[in-house]
Amino acid sequence: AVMYMGTDPPLNVVAGFEGKELNYEEMDEEHRRLLGIIREATSENKVEPTDKVVLRAQIPTQLDSGAGSREEDMEDGEIGGPGGGSKSTQGAREKRRSLTVRIFASYTGTGTIENVQVSVKAPRPL
């Protein structure tokens, strides 16, 4: 024990080696088992899951035909037509634009999936 002048000696002294015999064969077996687990976790040949859901969006490069060329009956400053509810600071009448996007979902796997929901939040047009 190391003591400094003016300090009390430690109350809990570390006990020496009790004479327990070490089982090197058991330690070697545990070491090999742990190495196997580590190799499996860090291997580059990871198994891909068999079930997967793929979403694919088909986005046209142009607005829907006829879109943008007609004026809807909208109240002054209202975007989205009657019932749209959001007000614009631009006032006057605005042209309605529309774009149809198709979303395809496919599932590959052993089981079935149920109650699939897709949520879309589109930004306001420029």
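**Surface patch.** I began with the nonpolar surface of this predicted model. I found one patch formed by Val53, Leu55, Ile59, Leu63, Leu99, Val101, Ile103, Ile113, Val116, Val118 and Val120, with about 1,000 Å² of accessible area together. I then took Ile103, one of these residues, and located it in strand S4, which spans residues 102–108. Its relative accessibility is 43%, so I recorded Ile103 as partly exposed. Membership of the patch requires over 30% relative accessible area, and Ile103 meets that cut-off with its 43%.

**Salt bridge.** Next I looked up the charged pairs and noted a count of 1 salt bridge. The partners are Arg32 and Asp28, and their closest N and O atoms are 3.1 Å apart. I placed both residues in helix H1 (residues 24–42), where they are separated by 4 residues, about one turn of the helix. Are the two partners buried or exposed? Arg32 has a relative accessible area of 57% and is therefore exposed. Asp28 has 35%, so I entered it as partly exposed.

**Confidence.** I checked how far the model may be trusted. The mean pLDDT of the protein is 75, and 71% of its residues reach 70 or more. Among the elements, H1 has the highest mean pLDDT, 92, whereas strand S2 (residues 78–79) has the lowest, 46. Over residues 67–86 the pLDDT is below 50, although I noted that this stretch has 41 contacts in the model beyond near neighbours in sequence. Where pLDDT is low, predicted coordinates should not be read in detail. The salt bridge between Arg32 and Asp28, by contrast, lies in H1, the element with the highest mean pLDDT.

Terms used: Residues numbered from 1 in each chain as written. Predicted model: local features only at pLDDT ≥ 70, side-chain atom pairs only at ≥ 80, totals over all residues. Heavy atoms only, no water. Patch = residues over 30% accessible without salt bridge, like charges linked within 9 Å, V, L, I, M, F, W, Y side chains within 5 Å. Areas by Shrake-Rupley, 256 points an atom, 1.4 Å probe, with all protein chains shown as cover. Salt bridge = Lys/Arg side-chain N within 4 Å of Asp/Glu carboxyl O. Helix = DSSP H or I, 4+ residues; strand = E, 2+ residues; numbered from the N terminus. Buried < 20%, exposed > 50% of the residue type's maximum accessible area, 1.4 Å probe, protein only. pLDDT = per-residue confidence, 0-100. Contact = heavy atoms within 4.5 Å.
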